[in-house]
Amino acid sequence: MTTKPITRQDLLEWGTAFMSGCILGAAAELELFDALGKQQLTGEEIAAKLGSDLRATRILLDALAALGVLEKVEDRYSVPASLQPSLSLHHPETILPMVLHRMNIFRAWAQMAWTVKAGIPAPRPASIRGWEADRDAFVAAMHVVSSPVADSLVAKLGPPPFHHLLDVGGASGTWTLAFLGARPNAVATIFDLPHAIEQAKRRLADHPQAKQIHLVAGDFYRDPLPAGADFAWVSAIAHQHAREDNRALFAKVFQALEPGGKIAIRDIVMAPDRTRPLQGALFAVNMLVATARGNTFTFEEFCEDLISAGFNSPELVVRSEDMNSVIMATKPSSSA
């Protein structure tokens, strides 16, 4: 594969790539877009709503207008109608949780040199919204990034026939709903930390299939997984941990599954040289700065870890350049 040679100008432009994202992220953290709503407000009115400094608020507003994120007419600012769904925190199409999460990521990336020296993530402060809000933004961000692809990826998987899905680290239920949409007569168990289960309760409360979903709070580092499933979905978890941790988790999944059950792992899958796909190499850096032992892994490493846990016949059933590769393996049947 040929790539365009990197130029001096490319290097210089990389050094300013953070600016637009930080401007958007600061507005999200200040809840500026929801303060505006569908109104046209002056800088003074917006600063009063936010409780922020007027000079600083005007500079931020003008930068947002220069980027096209806001419209400015005379001295009044508004959110373009086309962007209102994306920039309203409570709209189903909002992207703001991911913007907020990426600001938390940025605070870690900014300390990368210290992390490389020490080998552990550098301390990073909470956002202006506080640690609890940052944690909730992460869970909501996973819905933002998974929701547009969940149904199509499940369709690529078939999905495999199952009666009971175990969604390990299932957050607020995005993937569970996609699988139940494909297998409407099945049931599911979502297992995740208590704060994620609370988000799942809120998101699923009025869903027609809510009665088919059992929510279980726990920590898969410490607690056994709920038993009885014949299909386990482990989505975007492996990269957060070291291989030893993944082997332990896969072994717990193995114990929880019925004989003949299948595990499916959704994650980035690296080429043997670890430089491809590009998103995977960059995401390994993200794990370096944000976790104690996380990384991205090759298919061969996933195979070794699944076989170590007792599974048979690991297979890369979906290959993707991003987080949407899927590896499946089978727990031997009792007659094997």
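**Sheets, salt bridges, cores and spaces in a predicted model**

T298 is a convenient place to start: T298 sits in strand 10, which covers residues 297–298. Helices (H or I, at least four residues) and strands (E, at least two) are DSSP runs, numbered from the N terminus. The structure is a predicted model, in which local features need pLDDT of at least 70, side-chain atom pairs count only at pLDDT 80 or more, and totals for chains, interfaces and linings use all residues. Residues are numbered from 1 along each chain as its sequence is written, and side-chain values use heavy atoms, with hydrogens and water left out.

With a relative accessible area of 4%, T298 is buried; buried means under 20% relative accessible area, exposed over 50%, and partly exposed in between (1.4 Å probe, protein chains only). Once neighbours within four places in sequence are set aside, T298 is in contact (heavy atoms within 4.5 Å) with V269, M270, A271, P272 and R274.

Attention now turns to charged pairs. Side chains of opposite charge can pair when their charged atoms come close. A search of the whole structure finds 16 salt bridges, each defined as a side-chain nitrogen of Lys or Arg within 4 Å of a carboxyl oxygen of Asp or Glu. One of them joins R76 to E45, with the closest N and O atoms 3.2 Å apart. This pair links distant parts of the chain, 31 residues apart: R76 belongs to strand 3 (residues 76–78) and E45 to helix 4 (residues 43–50). R76 is partly exposed at 34% relative accessibility, and E45 is partly exposed at 33%.

Another salt bridge is formed by D62 and K72, whose closest N and O atoms are 2.9 Å apart. D62 lies in helix 5 (residues 54–67) and K72 in strand 2 (residues 71–73), so this salt bridge ties together parts that are 10 residues apart in sequence. D62 counts as partly exposed at 34% relative accessibility, and K72 counts as partly exposed at 40%. In the salt bridge between R222 and D219, the closest N and O atoms are 2.5 Å apart. Here R222 is exposed, at 67%, whereas D219 is buried, at 15%. Elsewhere, R243, R247, R274, E301, E304 and D305 are joined into one network by salt bridges that share partners.

Strands 2 and 3 also belong to a sheet. Its 3 strands follow the order 1-3-2, and this open sheet has antiparallel pairing. Strand 1 (41–42) and strand 2 each have a single partner strand and stand at the edges, so one side of each is left without a neighbour in the sheet. Two strands pair if DSSP finds at least two bridges between them; strands 2 and 3, which run antiparallel, are joined by 3 bridges. Within the sheet, E71 stands opposite S78 of strand 3.

The nonpolar interior comes next. A nonpolar core is a set of buried Ala, Val, Leu, Ile, Met, Phe, Trp, Tyr and Cys residues joined through side-chain atoms within 4.5 Å. The largest has 27 residues, and V168, L225, V253, I263 and F311 have the most contacts inside it. Two or more residues come from each of several elements, including strand 4 (164–168), strand 7 (229–235), strand 8 (257–267) and helix 14 (299–309). Helix 12 gives the most to this core, with 5 residues. Not counting residues up to four places away in sequence, L225 touches L166, V168, F191, F220, L249, K252, V253 and A256. Another core lies apart from the largest one and has 23 residues, among them V154, L157, A178 and A186.

Empty space was examined on a 1 Å grid over the protein atoms alone: a cavity is a set of points where a 1.4 Å probe fits but cannot get out, a pocket is an open set with protein on both sides within 12 Å along at least five of seven lines, and lining residues have an atom within 4 Å of a point. Grid points are joined across faces, edges and corners, and a volume is the space filled by probe spheres set on the points. The search finds 1 cavity of 30 Å³ or more, and the largest cavity has a volume of about 50 Å³. Its lining includes A27, L32, F33, L89 and R129, with helix 3 giving the most, 3 residues.

The second largest pocket holds about 600 Å³ of space. Of the 21 residues that line this pocket, L89, P97, A140, Q199 and R203 lie nearest its centre. Helix 7, helix 9 (131–157) and helix 11 (194–204) each give two or more residues to the lining, and helix 9 supplies the largest share, 8 residues.
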